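Student: I'd like to talk through the empty spaces in this protein. Can you take me through them one at a time?

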Amino acid sequence: MNQQTISITPVDRVEILTLMDNYVDVLLTNTEVVTRPPVSKSGTIPADTLLAEHGLSLLVTVHAGNETHTVLFDTGYSKIGVLHNVEMLGVDLGQVEAMALSHGHMDHTGSLYPILDRLPHKIPLVVHPGVFDAPRFFGLADGRRLLFPQTLLKEDLLKRKVDLVERTAPTPLACGTIVVTGEVERVTPFEKGLPNAEMERGGKIVKDPIADDQALVVHLKGKGLVIIAGCSHAGIINTILHARKITGVQEIYAAMGGFHLSGPYFEKIIDQTIAEFKTLGPKFLSPMHCTGWNAIHRISQAFPNEFVLNSVGSLIALQGTES
């Protein structure tokens with residue numbers, strides 16, 4: 001995959017608000033980089049609470065000089081979860097100027113239509129063309145195939161407040177301060193994708209490489225790249241290496257999102273992934289969503305100072321260096 005570098009404007013600060021993740025804990029406390037939602041805003045503990053589900057949705061806000069830009073990355077699993085949390089957290093969706101999808105699986109696209117219906121203005125939506133691939137299957141050990149729900153239809157999207165951007169190449173958003181990686185080059189020997197993912201092509205069942213897998217990249221001034229992954233079906237290390245290649249920035253400051261290290265097949269590569277993280281030297285790691293408890297636990301042990309446990313409603317704020 002020949003890929004020229006794309007210009008990315010360094011930012012002074014990046015904030016990542018978790019609208020949806022697999023885990024919620026209202027008793028977590030604040031740290032220097034993470035602000036947890038308060039148990040109460042009025043002196044009375046609310047009767048309602050934030051929801052968690054097997055999905056991911058992150059609101060990414062960057063500050064560069066006097067400019068502020070906000071992009072929504074993924075939209076969770078259900079049609080109600082993200083919007084419920086938006087209300088609980090007091091998020092103004094009117095600030096969202098663009099959206100991007102990490103890939104076409106249902107746990108990243110579930111609330112997309114309801115969110116688009118709530119937006120006050122038309123925005124770009126960046127996707128890899130493969131998000132519309134169907135039918136897709138998840139193969140079971142006994143030979144059965146589970147059909148993935150087709151949650152995205154191009155004709156439905158075109159009827160909503162969206163400028164659909166289908167690209168395999170990197171795409172700049174937010175005046176060049178956020179880059180969608182596009183299709184990730186796969187170069188590591190141990191990250192081989194989801195082995196039992198299949199799709200139908202030309203009347204035949206073939207392996208699904210989930211080529212639509214992509215991530216967001218931010219360049220934090222004076223510190224390096226911040227990688228925000230959805231599921232890392234291409235591999236989190238491949239994703240980081242690809243981000244380096246397309247931006248020309250070598251320093252890695254942070255990696256967060258789904259690392260997809262859950263289950264017997266992927267747990268075999270936890271050690272290799274941790275070893276690569278040690279080589280890359282990130283100063284901040286926050287594994288989310290499909291990373292899996294065993295991998296999250298191992299990463300927390302290997303990187304006690306860099307690790308942050310994520311939770312729905314958590315606001316991760318990373319500050320760059322002053323000029």
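Student: How many cavities of 30 Å³ or more does a search of the whole structure find?

Tutor: Just one turns up in this predicted model. Its volume is about 80 Å³. There are 13 lining residues, and S232, G235, H260, F266 and I269 are the closest to the centre.

Student: What makes a space a cavity rather than a pocket?

Tutor: A 1.4 Å probe fits in a cavity but cannot get out, whereas a pocket is open. The space of about 80 Å³ is listed as the largest cavity, so the probe cannot get out of it.

Student: What makes S232 a lining residue of that cavity?

Tutor: S232 is among the residues that line the largest cavity, which means that it has an atom within 4 Å of a cavity point.

Student: Which classes of residue make up that lining?

Tutor: Six nonpolar, five polar and two charged. G235 is one of the lining residues, and it goes down as polar because Gly is put in that class.

Student: What about the largest pocket: how much space lies in it?

Tutor: About 500 Å³. Among its 25 lining residues, P37, P38, K41, M88 and L89 lie closest to the centre. K41 counts as charged because Lys does, and the whole lining divides into 13 nonpolar, eight polar and four charged residues.

Student: And which helix gives the most to the lining of the second largest pocket?

Tutor: Helix α5, residues 264-267, with three residues. That pocket holds about 330 Å³, and H54, F138, L194, H233 and H260 are nearest its centre.

How values were computed
Residues numbered from 1 in each chain as written. Predicted model: local features only at pLDDT ≥ 70, side-chain atom pairs only at ≥ 80, totals over all residues. Heavy atoms only, no water. 1 Å grid on protein atoms, 1.4 Å probe; cavity = no way out; pocket = protein on both sides within 12 Å on 5 of 7 lines; lining within 4 Å. Points joined across faces, edges and corners; volume = space filled by probe spheres on them. Helix = DSSP H or I, 4+ residues; strand = E, 2+ residues; numbered from the N terminus.
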